[in-house]
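The following report is meant for someone who is meeting this structure for the first time. It takes up a pair of helices, and then turns to domains, chain contacts and confidence.

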Amino acid sequence: MNVPNVLPRASVRTPVRHVTAPQGGTVLKHAVLMLAGAAVAYPFYFMLTASLKSFFEATTTPPTFFPTQLHFENYATAWGMANWPRFFANTFFVAGVNTAGELITSILAAYAFARMNFKGKAALFALLLATYMMPAEATLIPNFVIVSRRYLNLYDTYAVQILPFLATAFSIFLLRQQFMSIPNELHDAAVIDGANHLRFLWSVVLPISVPALVTVAIISFYGSWNSFQWPLIVTSNPDIRPIQVALNAFRAEAGSSYHLLMAAASFVVAPVVLLYLVGQRYLVQGVARTGIRG
Amino acid sequence: MSVGAIRTSQRAASRRRRVISENVQAYLFLLPAFAVLAVFKIWPAFFAIYISTFKWDIIQGAFRGIGNYTDILFGSRAEAFWRSLSTTFTYAAITIPFEIAIGLVIAYILFQKIRGRAIYRTVYYLPYVTSTVAAAAVFEWVFHPQYGLVNEMLGSIGVGPFRFLQEPDGVFEMVGAHFGIQVPGLLAGPSLALATVAIFSIWHFLGFQIVVFLAGLGNIPEQYYEAAKLDGATQWQLFRKITLPLLSPQIFFVFTIASIGVLRAFNEIYVLTNGGPLDTTRTVTMNVFRTFFQQGQIGLGSAMGVLLTVIILAFTLIQFQVLERRVTYG
């Protein structure tokens, strides 16, 4: 049994351009792309411009397309209205631990599946595939009960935001695929040099798998940073809550002062947008290779 | 001879030791991942079914057997459940075709030699990496009846204003009313609120579709195009006869992934409409959430969750089946 992969390896690279691609209608093509681009970019434009308007201007009808005055102090105001430093710290902490933890668990498990022989391998792999297919919705309510006071008693902790996400079948599959592509000769050479599995993993496998590891790390970090439903139901203490839940609460606090909400939304999305601009290649490769869709 | 026998048995013993040691090591490698998966993924899947057979309002109550399920499918909860299921499929029907069509057109153009490709791509992927909560908070105001720019733009061409996310009336119903035709309730169409959520969804996932389609386009051998062009094929024919058929695995893939995505959608609906107005955006996931979290009926909610899981699993299995076959000669 194998995980379907619609997107063979070769396709992950930047697509080869058609040398002979039809050139007709270039203007029309640009028109389509620009129109779509404008529609896609508009909400971001709206967020940034609205975040700089005065309350008076933000609530004027008809709305203005350009702010007449730039009120950068909105950011300071929005920042001061809630405990944002705490929310950022919470989220960076949870996302950081999640990412590191998921990397460790999936590297080890992927290595075992890719390069070791053991009893029950096929059965365990099938079990992993089953958990991969199981949607988060299936486990939402039971997990909600499991972490309740009656069982694990983890409400309102960091642990409850971290533990359930410390391993995913998806990362294990992705890394297993990568580890299997490493030539056996490398392993044989390492064994002759007296290396055991852990040494081979550490000094040969991991260094040549950096792109795949970065992909797993970025996707894991994104998932943590953007997670909302789970922390919404298992936390209520503002000191422990992550940034997306805080932003949702801030919608009510800001009320009709939506220029402040837009300022808050801007600084909430800033870190991941920056990460995207820096790590675009890895993220796009990860999506193309695995087909996950948030 | 005896020396040889000793050597053989020594070799066998050392091999056995190696095998045991390899097994032990492998299990130690698997332990952390499987411990987490066992507690939060495998066990809960069974626990969900257990919970769903009880009256479980905040705390565990009496055993009900399939009572929760019959309530949901035929009993006191049936109306809300079937309505939410119909809303979910309506949401899918007005989202997925557009996601595929728009993604396909843009990917097709982007794939050709075109200036500024990198910039276009960066822009198109941007919504996909933005959190749903933040993006939805922005959309709420872009589509605000009074201060939003969408109404302003539509107003300049003499349409609207609309209440968008607060509008429970059906889209076709509103178009009909505009022309003085009364559209019967059955054909009222999705509420404008649901259509606006769909627009959000299309916007948010555009980048994903483009990535998948671009990867698929990269797999189509160039010779096909060259040969067809030697035969004098037009650009439309190239697209229709080569690109589209050879891209069908990706189209199917996007279709199933998007279906599963719609079935699971929560964050955007929660932030944009919270199931309203008049419950017209109350999908199955919203219904589950309301039941188990807001009303505290964990047993009932869990039964709904199990039903939802069965539907999602059906889509997943179809996807696996079809794609596995595709890949073998892909």
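At what angle do helix α3 (residues 78–111) of chain B and helix α13 (residues 284–294) of chain B pack, and how far apart are their axes? In this predicted model, the two helices of chain B, α3 and α13, pack at an angle of about 140°, and their axes are 8 Å apart. On the side of α3(B), the contact is made by B:Ala80, B:Phe81, B:Ser84, B:Leu85 and B:Thr88, while α13(B) brings B:Val284, B:Met286 and B:Asn287 to it. Sorted by class, this contact has 5 nonpolar and 3 polar residues, with no charged residues.

**Domains of the two chains**

Each chain has a domain assignment, and the table sets out the bounds together with the separation of the C-alpha centres.

| Chain | Domain 1 | Domain 2 | Separation of C-alpha centres |
|---|---|---|---|
| Chain A | residues 24–71 | residues 83–290 | 34 Å |
| Chain B | residues 2–51 | residues 78–328 | 44 Å |

In chain A, where domain 1 covers 24–71 and domain 2 covers 83–290, the contact between them takes 8 residues from domain 1 and 8 residues from domain 2. On the side of domain 1 of chain A that touches domain 2 of chain A, α1 (26–50) and α2 (55–58) of chain A each supply at least two residues, and the largest share of that side, 3 residues, comes from α1(A). By class, the side of domain 1 of chain A that touches domain 2 of chain A has 5 nonpolar, 2 polar and 1 charged residues.

**The make-up of chain A**

Chain A has 14 helices and 0 strands. Of its 294 residues, 41% count as buried. Among the contacts in chain A with a separation of 6 or more, 76% are accounted for by residues that are 24 or more positions apart.

**Where the chains meet**

How many residues of chain B are in contact with chain A? There are 94 such residues of chain B, and they are in contact with 88 residues of chain A. Helix α1 (residues 2–51) of chain B gives the largest share of the side of chain B that touches chain A, namely 19 residues. That side of chain B has 62 nonpolar, 22 polar and 10 charged residues by class.

The largest nonpolar core holds 158 residues, of which A:Leu247, A:Ala265 and B:Val138 touch the most other members. The largest share of this core, 18 residues, comes from helix α8 (residues 192–218) of chain B. One of the residues just named, A:Leu247, is in contact with A:Ala264, A:Ala265 and A:Val268 and also with B:Val133, B:Ala134 and B:Ala137, once its neighbours within four places in sequence are left aside.

**Confidence of the prediction**

For the complex, the predictor gives an ipTM of 0.89 and a pTM of 0.89. Chain B averages a pLDDT of 90, and 97% of the residues score at least 70. Within chain B, confidence is lowest in helix α14 (residues 298–328), at a mean of 84, whereas it is highest in helix α2 (residues 67–73), at 95.

Definitions and conventions: Residues numbered from 1 in each chain as written. Chains lettered and ligands numbered in written order. Predicted model: local features only at pLDDT ≥ 70, side-chain atom pairs only at ≥ 80, totals over all residues. Domains from an automatic or database assignment. Contact = placed C-beta atoms within 7 Å. Helix = DSSP H or I, 4+ residues; strand = E, 2+ residues; numbered from the N terminus. Nonpolar A, V, L, I, M, F, W, Y, C, P; charged D, E, K, R; others polar. Core = buried A, V, L, I, M, F, W, Y, C linked by C-beta atoms within 7 Å. Buried ≥ 20, exposed ≤ 12 C-beta atoms within 10 Å, placed from the backbone. Axes fitted to C-alpha atoms, helices over the stretch in contact; angles between N-to-C directions. pLDDT = per-residue confidence, 0-100.
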